[in-house]
Amino acid sequence: MRRRSIQVGAGLAAVFVAGPIALTGCDGGSSSSKVVGPVKTAQPVKCDAEPFGPITRCKNFYTAYWPTLKANMDALYKHALETDGGQLVVWDWYELSPDLIKAFTKRFPGIKVKTRGLNYNLSSAIISAKATGARNTDVVSGSITSITAMYDQGFWEKVDWTKFGVPKEWFDIGAPELLPDSINGPLVAYNTAKVKSVPTSWTDFLAPQWNGKIAMSDYEAQDFSGYGMKYGKDKMVQLIKDLKGRAGLTVTNNPGTLLANGDKPVMINGPLFDPNPKLAVSPVDTENMYVQFSGVNKYGSNKPAAELFLLWNAYDPDWLRTRMTDKRFLTLQTPFPGLPESVFQPSSGVLKRNQAALFTAVRNGWTIFETQANRDKYNELIKAADDAMGK
């Protein structure tokens, strides 16, 4: 199974296989709680719009939209406490961190969060719980390509988030039930003690000066799919073969260690998670950029708690400030850039480095976003890239 877009500590970036999934067994696990609708219906408001690639940034989000959202979150909290004993279950690649749970339950006392980190077994655990009727996760999440199979087979509850007060413009590249919560994409990390700068084109890494200096994990082959979107599958596959052959690309389970000690001073990866001040990160042209989405599991048992948690995690201004300034949370992903630019200004540490690189790529027009319209093409390219990497 391919790992996708890990959010260290926070989770909410689930990993699902892209191919067909056979759902067998009984249809136990049918929804044992109902999605709660808004108590305060969003009034018609106009987004003070600013384009950010294909994303619409609503500069007036916290003045025009947030009051309605906050009122609905307060109502969801009451329902969450009354449902399934106030229990919220979150499964992800990693467990939610104790610090994140503490932040959430401080804001919403009485919610009892249970979490599991399932790594590669995540999707199979969700499917198995559905088939057997066991207690399932209340939330599902991921990027458009990583959730393809489970989305198509109905695991995402049909929640209309705009009725809670989320801008309708934020659903242009996803779907109504896909709540956008963050952004991610491939970046190139480098050790500045060994390398002063890196190219902004994948093909430039084929130059002799980079021979033997680059490492990456095999599951990051997907990082080249944006190149494939622009130049075609054959050229993408050839690029990967050339990097492995001519450039001596090292494929390893632990490229971060090689990066940090300088043995391989360049690492092709997603966001940087190591706070080492010697490490820098840079975008590359033709990046496959993706929004991370979260949603309510149709087969969860406390849907009000799921709705509450997801809205809080994605948009609560106090929480966003904390996660961008508190060192305990700086390995979380960059929040959704549809939020006002002022939200991102306090960011610090490694999160600030990742954010700056990702935003530079978008503003330079170097990104090709995953969307519902191009997801099948992307999935084809991701598979071809994995094959070329030798997975």
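Helices (DSSP runs of H or I with at least four residues) and strands (DSSP runs of E with at least two) are numbered from the N terminus. The exercises concern a predicted model, in which local features need pLDDT of at least 70 and side-chain atom pairs count only at pLDDT 80 or more, while totals for chains, interfaces and linings use all residues. Residues are numbered from 1 along each chain as its sequence is written, and side-chain values use heavy atoms, with hydrogens and water left out.

**Exercise 1. The overall fold**

Task: State how many helices and strands the protein has, and decide how its radius of gyration stands against the globule rule.

Solution: Begin with the inventory, which is 11 helices and 14 strands. The radius of gyration of the protein is 21 Å, close to the 21 Å that the globule rule gives for 391 residues, so the protein is as compact as a globular protein of that length. Here the radius is taken over C-alpha atoms, and the rule is 2.2 Å times the number of residues to the power 0.38. Next come the dimensions of the C-alpha trace, which spans about 65 × 50 × 35 Å along the principal axes. Finally, 59% of the 391 residues count as buried, where buried means under 20% relative accessible area, exposed over 50%, and partly exposed in between (1.4 Å probe, protein chains only).

**Exercise 2. The two helices H10 and H11**

Task: Compare the end-to-end reach of H10 and of H11 with the expected span, and find what follows each helix.

Solution: The expected span of a helix is 1.5 Å times one less than its number of residues. Helix H10 (residues 349-363) has 15 residues and reaches 21 Å from its first C-alpha to its last, close to the 21 Å expected. For the 15 residues of helix H11 (residues 375-389) the expectation is 21 Å, and its end C-alpha atoms are 21 Å apart, which agrees. The buried residues of H10 include Val350, Leu351, Asn354, Leu358 and Val362, and those of H11 include Tyr378, Leu381, Ile382, Ala385 and Met389. An α-helix has 3.6 residues a turn, so residues three or four places apart point the same way. Just after H10, Gly365 takes a positive phi of about 75°, and H11 is followed by Gly390, with a positive phi near 90°.

**Exercise 3. Two buried loop residues**

Task: Locate Asp223 and Gly338, and list what each of them touches beyond its neighbours in sequence.

Solution: Asp223 lies in the loop between strand E8 (214-216) and helix H5 (225-231), and it counts as buried because its relative accessibility is 1%. Not counting residues up to four places away in sequence, Asp223 touches Pro186, Trp202, Ile268, Asn269, Gly270 and Asn288, a contact being heavy atoms within 4.5 Å. Gly338 is in the loop between strand E13 (334-335) and H10, and at 0% relative accessibility Gly338 is buried. Leaving aside neighbours within four places in sequence, Gly338 is in contact with Ile55, Thr56, Arg57, Cys58 and Trp170.

**Exercise 4. Positive phi outside glycine**

Task: For Asn119 and Thr286, give phi and the loop, and decide whether each is buried or partly exposed.

Solution: Asn119, a residue other than glycine, has a positive phi near 50° and sits in the loop between strand E4 (112-117) and helix H3 (122-132). With a relative accessible area of 33%, Asn119 is partly exposed. Thr286 is likewise not a glycine and has a positive phi of about 60°, in the loop between strand E11 (279-282) and strand E12 (287-296). At 5% relative accessibility, Thr286 counts as buried.
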